[in-house]
Amino acid sequence: MSRSAAVGGAAIPRVVVLAGGVGGSRFALGVREALSRRAGAAAPESAASFTVVVNTGDDLWLSGVRLQPDVDSLLYALAGVNDTERGWGRAGDTERVNRELQAWGAGWPWFTLGDLDLGTHLARTGWLREGLTPSQVLERMSRRWPLGARLLPMTDAEVDTQVVLGDGTSMHFQEWWTRHRAALTPVWFEAPGIAAARPAPGVVEAIAAADVVLIAPSNPVVSVGPILAVPGIRDALRTTGAAVVGVSPVIGGRVVRGMADVCLTAIGVETSATAVAAHYGARSEAGLLDAWLIAEEDAESAADISRLGIRTVVAPLWMRDIPSSAALAEAALATAQL
Ligand code: FO1
């Protein structure tokens with residue numbers, strides 16, 4: 001029996017994407033485009049069948065407001081208001097308030113809070129203070145624009161990532177990432193409180209009801225890793241009737257976006273399409289993946305990955321624009337035979 005949703009008379013698959021920030025956003029735009037083409041309808045009408053579970057491991061409190069960088073990247077990108085040059089924040093943003101915060105010595109001098117972006121953080125923080133959960137806040141924020149997708153945080157718990165260094169000290173992930181540009185060698189990543197966290201409402205249900213779960217080509221350690229570390233999500237992936245298809249974040253032996261290789265090295269995983277596939281593991285071998293999309297540049301690894309018990313498909317992985325992201329999404333859906 002097909003669990004696909006009927007939209008405008010056409011059956012479109014129920015898709016769940018596990019995503020981090022920039023790579024996750026580009027991939028989500030491609031999935032939305034692929035689904036709306038299939039539905040032959042305006043993108044918002046396919047929203048019922050498309051859920052993005054977003055990493056909240058890089059969230060933080062700063063200057064009294066709650067920041068959710070990956071959630072906001074997805075929200076802004078799907079709304080079409082993101083800064084595509086920088087890869088984070090709002091297009092055309094200004095920094096008046098940020099300059100004032102710096103004059104007060106508040107916040108972090110290396111971390112920019114745009115004026116429009118601050119509006120988001122103030123709205124979020126106000127609603128959190130009024131007692132809404134992060135997923136209720138995101139649901140409210142998602143009503144502002146026709147996103148064509150349902151965004152769910154991975155959890156409502158605060159599980160902000162700490163980077164542990166060789167000397168035993170640790171710092172918030174955002175300090176390590178934006179101030180030190182990942183130049184301090186990490187020995188581990190910690191998410192205090194994650195063992196007691198629960199998946200946000202709707203996450204497990206969406207995975208269980210999906211036709212396909214796609215693991216975006218996001219950072220496997222600090223973007224997808226926290227999602228998989230929320231107790232209950234890995235089990236949901238292992239038991240769903242949906243195909244679980246991952247997209248390699250490594251192209252030609254290099255990470256697409258800088259610094260993910262530092263994260264992989266810290267957890268003892270080589271920067272290769274094969275090693276990341278092995279890190280996620282084959283579902284048939286107590287891992288997660290039924291299939292893995294690798295780049296044409298890594299085609300020679302296909303046989304090795306197949307030997308892990310993961311069906312391996314070679315496809316163009318570069319997401320340069322909406323058409324190339326949609327083509328990648330189509331390849332992922334076709335891999336799941338949808
Ligand atoms: N990244 C930077 O490199 N520099 C910044 O000043 C910066 C500010 C910032 C503010 C809000 C926000 O949501 C994201 C921001 N980012 C900034 C991006 C962010 O640090 C990371 O790229 C992601 O967390 C990694 O996914």
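This is a short chat about a predicted model and the ligand it holds.

Me: Hi! Where does the ligand sit?
Reply: Hello! The ligand sits in the largest pocket. Keep in mind that the model is predicted.

Me: Which residues surround the ligand?
Reply: The residues around the ligand are D58, P69, D70, W88, W110, F111, T112, D117, Q174, W177, T178 and R181.

Me: And how does that shell split by class?
Reply: The shell around the ligand has five nonpolar, three polar and four charged residues.

Me: Which element gives the largest share of the shell?
Reply: That is α6, with three residues.

Me: What are the polar links to the ligand? Start with Q174: how far is its side chain from a ligand oxygen?
Reply: An N or O atom in the side chain of Q174 lies 2.5 Å from an oxygen atom of the ligand. Taken alone, the ligand exposes 530 Å², and the protein buries 88% of that. As for the elements that give two or more residues to the shell, they are α2 (69-79) and α6 (173-179).

Me: What about T112, which part of it is 2.8 Å from the ligand?
Reply: For T112 it is a polar backbone atom, and its partner is an oxygen atom of the ligand.

Me: And W88, which kind of ligand atom is 3.2 Å from its side chain?
Reply: A nitrogen atom of the ligand, paired with an N or O atom in the side chain of W88.

Me: You listed R181 too. Where is it found?
Reply: R181 is in the loop between α6 and β10 (186-190). Its phi is positive, about 45 degrees, although R181 is not a glycine.

Me: Which other residue has a positive phi, near 70 degrees?
Reply: A286 has a phi near 70 degrees, and A286 is also a residue other than glycine. You can find A286 in the loop between α11 (273-280) and β15 (291-295).

Me: Is A286 buried or exposed?
Reply: A286 counts as exposed because its relative accessibility is 56%, and the cut-off for exposed is over 50%.

Me: New topic: T312. Where is that one?
Reply: T312 is found in strand β16, which covers residues 311-315.

Me: Why does T312 count as buried?
Reply: Because its relative accessible area is 16%, and buried means under 20%.

Me: What does the side chain of T312 reach at 2.9 Å?
Reply: The side chain of T312 reaches the backbone oxygen of I310 at that distance. There is also a polar contact of 3.5 Å between the side chains of T312 and S306.

Me: Now A329. Which helix is it in?
Reply: A329 is in helix α13, residues 322-335. With 0% relative accessibility, A329 counts as buried.

Me: How far apart are A329 and M319 in space?
Reply: Their C-alpha atoms are 9.9 Å apart, and in sequence A329 and M319 are ten residues apart.

Me: Last one, V187. Where is it found?
Reply: V187 is in strand β10. V187 is partly exposed, with a relative accessible area of 43%.

Me: And how far is V187 from T112?
Reply: The C-alpha atoms of V187 and T112 are separated by 27 Å, and the two residues are 75 residues apart along the chain. T112, remember, is one of the residues that surround the ligand.

Methods. Residues numbered from 1 in each chain as written. Predicted model: local features only at pLDDT ≥ 70, side-chain atom pairs only at ≥ 80, totals over all residues. Heavy atoms only, no water. Near = heavy atom within 4 Å. Polar contact = N/O pair within 3.5 Å; in protein donor to acceptor, adjacent residues only side chain to side chain. Areas by Shrake-Rupley, 256 points an atom, 1.4 Å probe, with all protein chains shown as cover. 1 Å grid on protein atoms, 1.4 Å probe; cavity = no way out; pocket = protein on both sides within 12 Å on 5 of 7 lines; lining within 4 Å. Sits in = over half its atoms within 2 Å of the grid points. Helix = DSSP H or I, 4+ residues; strand = E, 2+ residues; numbered from the N terminus. Nonpolar A, V, L, I, M, F, W, Y, C, P; charged D, E, K, R; others polar. Buried < 20%, exposed > 50% of the residue type's maximum accessible area, 1.4 Å probe, protein only.
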